[in-house]
Amino acid sequence: MGGRDKFTAQAFLEELIARVAAGGCERCESEQVAAGLGKVLEELRRTAEFDFRELGDHVYDGIYIADGAGKTLYVNKAYTRITGIAPEEVVGRYVEECEAAGLYKNAVTPEVIRLKKRVNSVGVSLRSGRKMLITGIPVFDAEENVKNVVVIDREITDLLTMKAELDASQEKMKAVEADKAKSIMEIEHLRRQNLNMSLIGRSEGTAKVIEAIRQVAPLDVTVLIAGETGVGKEVVANEIYTNSPRNKGPFIKVNCAAIPANLLEAELFGYEKGAFTGAAGTGRLGLFELADKGTLLLDEIGDMPLELQSKLLRVIQHKEITRIGGTRPFKLDVRILAATNCDLRSLVTQGRFREDLYYRLNVFPIVIPPLRARAEDVEPLAEHFLALYNAKYGKVTVIEDAGLEIMKHYSWPGNIRELQNIVERLVIVAEPAAVIGGEQLAPLLNVYPGSGEPMTREAGLKEIVANIEKKTLERVLGLYGSTRKAAKVLKVDQSTIVKKAKKFGLKLGDDN
Ligand SMILES: Nc1ncnc2c1ncn2[C@@H]1O[C@H](COP(=O)(O)OP(=O)(O)OP(=O)(O)O)[C@@H](O)[C@H]1O
């Protein structure tokens, strides 16, 4: 018995049972049987207990095994690591005892036994404070009774920490993304601000001009900048140049009105030596040539003599010039900006400006509104100039609201240049830390505060009287509601009231 090469408990037991069934044990050698049974016991221990324990200790999750009555049979090393509970503290004890001893609470084992099914829960070890995902699994016997409960404790402290870290980093990512979006917006804003560096103003009119500059600056097209004197045409031209790809090239500005007509041609186109009496012996470069690879601003273009206009048209069309006295045209690469404070269209009608040149120049017009049409710009401009001149004259003056109000209502015939000059004058005459109010401003602007509508030096007597009439009529009609009563109050005929109300475009009620 057991004489085979390899002893196995199963084979030994099968052989023993067969022999006993065949005739009893006397045919078995008792020593051999005892030795065989010893081996069986050893193997049983090894496979059923020892091996299982050893294997269990290699599992990363905590393992807790109880019998069907809730008595702890086994815990692995990971269980101790996670819960801080040593095997001797729990093995052999019932769940209730362990709970009473404060080792743990809300154990899943009784639930598994009661429900006879898997139970999941999340818990915190009382001793170690570690968080666990707990799964209790029932093991059934042949009668479907719960024979054992196997509880797996999966530590999730790290997992939760990792999740918290992940959440935090996701939050950070979101913040970074938001920052990125903000930065892009800021860059765009700065880009616009940069574009708007010398162009101050927050009115819709100014915003449109800025947008037009943004659109046209990068393109190599001719721009016609129109607007009253002092509105900032040169400032706009500067911005176009600065924001164009030609900003490393020359920027030549010519005031066509400031150069006598007979000299303008030579200034613009240059001349060959001996071209005319008095011409320099070496000849001279014209401003067009100087502006090669750059930009040329033709200011006050409306004042350009007609014969020069046709020469200019050729330059624009063919991109080449011929010097005075020269025979050969040569190529030039110049971007032309033109500015005007007169209505070129009407000059065309009057025959003082070439229609073809007008259309050539008018490819992209930028019309700058007068300052009186963009009152919202007055305050930022005034503040800007105030800061400028305070710094220049070493003062800290401020303009109070009443002063700004007068400025906002003034008609500014000289536009921003006038505003700039007024502020400079105010700063020069003011005490170093003066607060500039209406009293200082009104006489300077020739405005009479308190007379209803602010009146400017452009308003003639007729206009002033008409204004007062209109205001009075409006008030009295509003108060009394009928032209008849208004006529009585104002001591005039009712027909006068009706006539004047119509003239001023005032609405009359039904009873009139
Ligand atoms: N939007 C603005 N922001 C700041 N300063 C401005 C602005 N517009 C004009 N200015 C200032 O106002 C003054 C007049 O501007 P500019 O010379 O550009 O006007 P203009 O329309 O070309 O005048 P003109 O028709 O008389 O040549 C300048 O000192 C300029 O710096």
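Me: A residue is near a molecule or strand if its C-beta atom, placed from the backbone, lies within 6 Å of it. Which residues around the ligand come nearest?

Reply: This is a predicted model: local features need pLDDT of at least 70, side-chain atom pairs count only at pLDDT 80 or more, and totals for chains, interfaces and linings use all residues. Residues are numbered from 1 along each chain as its sequence is written. The ligand has 17 residues around it, and Ile200, Gly232, Lys233, Glu234 and Ile416 come nearest. Helix 9 (233–242) and helix 17 (415–429) each give two or more residues to this shell. Helices are DSSP runs of H or I with at least four residues, strands are E runs of at least two, and both are numbered from the N terminus.

Me: Where does the shell lie relative to the domains, and why?

Reply: Domain 3 (204–369) and domain 4 (372–445) both contribute residues to the shell around the ligand, so it lies between them. The bounds come from an automatic or database domain assignment.

Me: What makes helix 9 count as largely enclosed?

Reply: A residue is buried if 20 or more other C-beta atoms lie within 10 Å of its own, exposed if 12 or fewer, and partly exposed in between, with C-beta atoms placed from the backbone. In helix 9, 7 of the 10 residues are buried, so the rest of the structure largely encloses it. Lys233, Ile240 and Tyr241 are among them.

Me: Why is glutamate 144 called exposed?

Reply: Glutamate 144 has 9 C-beta neighbours inside 10 Å, so it counts as exposed. Its place is the loop between strand 4 (131–140) and strand 5 (146–155). Its phi is positive, about 65°, although it is not a glycine.

Me: How do you know whether lysine 293 is buried or exposed?

Reply: Count its neighbours. Lysine 293 has 12 C-beta neighbours inside 10 Å, so it counts as exposed. This residue sits in the loop between helix 11 (287–290) and strand 8 (295–299). Phi here is also positive, near 70°, in a residue other than glycine.

Me: What makes a set of residues a nonpolar core, and how many residues has the largest?

Reply: Members are buried Ala, Val, Leu, Ile, Met, Phe, Trp, Tyr and Cys residues joined through C-beta atoms within 7 Å. The largest such core has 61 residues, and Ile225, Ala382 and Leu419 are among those with the most contacts inside it. Domain 3 and domain 4 each supply at least three residues to this core. A second, separate core has 24 residues, including Ile65 and Val146.
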